[in-house]
Amino acid sequence: MAAAVAMAPGSGGAADFSDLREIKKQLLSVAERSRERGLQHSGKWAAELAFALEPLPLSELPPPPALTEEDARDLDAYTLAKSYFDLKEYDRAAYFLRGCKSQKAYFLYMYSRYLSGEKKKDDETVDSLGPLEKGQVKNEALRELRVELSKKHKARELDGFGLYLYGVVLRKLDLVKEAIDVFVEAAHVLPLHWGAWLELCNLITDKEMLKFLSLPDTWMKEFFLAHIYTELQLIEEALQKYQSLIDAGFSKSTYIISQIAVAYHNIRDIDKALSIFNELRKQDPYRIENMDTFSNLLYVRSMKPELSYLAHNLCEIDKYRVETCCVIGNYYSLRSQHEKAALYFQRALKLNPRYLGAWTLMGHEYMEMKNTSAAIQAYRHAIEVNKRDYRAWYGLGQTYEILKMPFYCLYYYRRAHQLRPNDSRMLVALGECYEKLNQLVEAKKCYWRAYAVGDVEKMALVKLSKLHEQLNESEQAAQCYIKYIQDIYSCGEVVEHLEVSTAFRYLAQYYFKCKLWDEASACAQKCCAFNDTREEGKALLRQILQLRNQGETSSTDVPAPLFLPASLSANNTPTRRVSPLNLSSVTP
């Protein structure tokens, strides 16, 4: 595994984790420096990671940062302003910091102005689901901050934290390319600041962009790569990275455990993800981050008591957190109380209008309530927040499908498929779109590809069979139905699967036409086991018996590459595999 990690794209060689004591010192130091500047999330991340490592003896604890002359001059103003900042009085904090020259005080001055603008913007955004087109409500402070920080940047007067803030301002102004360059620079100047890495993660949209980044060779890069691989749905690479970090000494890190659970959630390995989340809850029972993802898993499995317990538990911890609102929303959704569910997702968005999961989930609720225009709006907001959210693209496809607009569907399903190339649901949806648009060759490719990547809902082969039926390609249709039956029986699913009777009926008729009485008889007998095909099965058996009594023999002229295994009628388990279809499996 280590070798695979070292060779992963963009990793630039294995990181050095040999001196964990030194890493712990660095983490404690950057946690303190982040907190001094009001960067609570970065401080918390570093502190959580440091906590996963062995404690340091007193003699090895990192000393407090040395004060410069400028720091000493600004100390009174900084101390006063920081107390205002902590109480979210941002304008007041900025007022007392104006004119301060030290790096720390200057950062807090600019950051206070930035957060003041963000707070005013959020206050103006009264209704989360209003006609909120991009840029309608703006942070008025951004342009001034950009001008000032740009001058400092050109004069090379910004430290790692200052560069991070400059990057955030550029990102908010939609200057993505410039923002990426500045975040990369910030990562080089101060590699230990997780906030800069995280912002960079949000701007990288594909693997190609990642290859061209010039990143610092530091152990922090391993955490960044693991995170970005998870975001880009490169789950195998992400899990390899996290395993190498665990092996390096971070096995107690709740951050890594939660990320692994999220990775398994993303590849729909629900059992594995659930067991990891349950373990995480034992280690960190008051944790709220990622609990909305945990609730998605409980929702998919219809685990109502567990979801109810989680919702009550998080309510007791903090009812005004976006994750708590999402968990409660999922709980009401599972109980089919869709209006209440939508209300809680709206509450989550009032708390954080850029919270991706809530927009997508709200779109799903509006779909359930048949409010397609509101669903479209919610999904569009989700994409605005994160263009990599395949669920929002897929949701938009489904919405336009309800509106009977297949060209729109095709566009959105294609986008979802690009983000999840090996997700059979996207491929089946694409195939259905092509079918509606009468592009049957493309539809065939999609269904075959969906089967090839592992069809989750076991519907691709049935749809492909019906397409062949429609085109009078009876041999290929029979071939697909046989594959379908083999798959259903071999994975031990309930035989009363929706389309099993359809498959047996078609095969019975196919073999009957080919005058292969034994095979036709076996399939007709199977038809008798299903309510919807029982009468047809009995009629076919009577016909076969009649023809046999008349001395009609099985055909030897018809080329019949397709035989149901002899064991099918005996033990219900097809054993023989037929040759694969002669169809290109090229991804559309």
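Which residues does UniProt list for "repeat: TPR"? The unreviewed entry gives two spans, residues 322-355 and 356-389. Keep them in mind, as this tour of a predicted model will come back to them.

**The whole chain**

Start by showing the full protein chain as a cartoon. You will find 31 helices and zero strands. Of the 588 residues, 52% count as buried. Now think about how the chain meets itself: among contacts with a separation of 6 or more, 61% join residues 24 or more positions apart.

**Stop 1: helices α4 and α6**

Select residues 69-86, which form helix α4, and then residues 103-124, which form helix α6. The axes of α4 and α6 are 9 Å apart, and the two helices pack at an angle of about 30°. Angles under 35 degrees count as roughly parallel, so α4 and α6 are roughly parallel to each other. Where they pass, the crossing is left-handed.

Show side chains next. On the α4 side, pick Asp-71, Asp-74, Tyr-78, Ala-81, Lys-82 and Phe-85; they meet Lys-104, Ala-105, Leu-108, Tyr-111, Ser-112 and Leu-115 of α6. Colour this contact by class and you get seven nonpolar, four charged and one polar residue.

**Stop 2: Ser-112**

Stay in helix α6 and zoom in on Ser-112. Is Ser-112 buried or exposed? Its relative accessibility is 0%, so Ser-112 counts as buried. Leaving out residues up to four places away in sequence, Ser-112 touches Phe-85, Tyr-90, Ala-93 and Ala-94. You have already met Phe-85, as part of the α4 side of the contact with α6.

**Stop 3: helices α6 and α8**

Keep α6 on screen and add helix α8, residues 160-172. At what angle do α6 and α8 pack? The angle is about 25°, and the axes are 10 Å apart. That makes α6 roughly parallel to α8. Here too the crossing is described as left-handed.

To see the contact, select Phe-107, Met-110, Tyr-111, Tyr-114, Glu-118 and Lys-121 in α6, together with Phe-161, Gly-162, Leu-165, Val-168, Val-169 and Lys-172 in α8. Eight of the contact residues are nonpolar, three are charged and one is polar. Tyr-111 belongs to this contact and also to the contact of α4 with α6.

**Stop 4: helices α8 and α10**

Now add residues 194-203, helix α10. The axes of α8 and α10 lie 10 Å apart, at an angle of about 25°, and the two helices are therefore roughly parallel to each other. Their crossing is left-handed.

Select Tyr-164, Val-168 and Arg-171 in α8, which meet Gly-195, Ala-196, Glu-199 and Leu-203 in α10. By class, this contact has four nonpolar, two charged and one polar residue. Val-168 takes part here as well as in the contact of α6 with α8.

**Stop 5: two loop residues with positive phi**

Most residues other than glycine have a negative phi. The next two selections have a positive one.

- Arg-156: go to the loop between α7 (142-154) and α8. Phi of Arg-156 is near 55°, and at 73% relative accessibility Arg-156 counts as exposed.
- Lys-370: go to the loop between α20 (356-368) and α21 (372-385). Phi of Lys-370 is near 65°, and with a relative accessible area of 69% Lys-370 is exposed.

**Stop 6: the two TPR spans**

Return to the spans from the UniProt record and colour each one. Residues 322-355 are 79% helix and 0% strand, and the end C-alpha atoms are 8 Å apart. Residues 356-389 are also 79% helix and 0% strand, with end C-alpha atoms lying 8 Å apart.

**Stop 7: two last residues**

Select Tyr-408 in helix α23, residues 406-419. At 43% relative accessibility, Tyr-408 counts as partly exposed. Draw a C-alpha to C-alpha distance from Tyr-408 to Gly-397: they are eleven residues apart in sequence and 7.0 Å apart in space.

Finish at Glu-535 in helix α30, residues 534-549. Glu-535 counts as exposed, at 55% relative accessibility. Its C-alpha is 9.8 Å from that of Ala-524, and the two residues are eleven apart in sequence.

Technical notes. Residues are numbered from 1 along each chain as its sequence is written. This is a predicted model: local features need pLDDT of at least 70, side-chain atom pairs count only at pLDDT 80 or more; totals for chains, interfaces and linings use all residues. Side-chain values use heavy atoms; hydrogens and water are left out. Axes are lines fitted to C-alpha atoms, for helices over the stretch in contact, and angles run from 0 to 180 degrees between N-to-C directions. Helices (H or I, at least four residues) and strands (E, at least two) are DSSP runs, numbered from the N terminus. Angles under 35 degrees count as roughly parallel, over 145 as roughly antiparallel, 65 to 115 as roughly perpendicular and the rest as oblique. A crossing is left-handed if the near helix is turned anticlockwise from the far one by less than a right angle, and right-handed if clockwise. Contact means heavy atoms within 4.5 Å. Ala, Val, Leu, Ile, Met, Phe, Trp, Tyr, Cys and Pro count as nonpolar, Asp, Glu, Lys and Arg as charged, and the others, Gly among them, as polar. Buried means under 20% relative accessible area, exposed over 50%, partly exposed in between (1.4 Å probe, protein chains only). UniProt positions are given in the numbering used here, feature names are shortened, and annotations may be inferred rather than shown by experiment.
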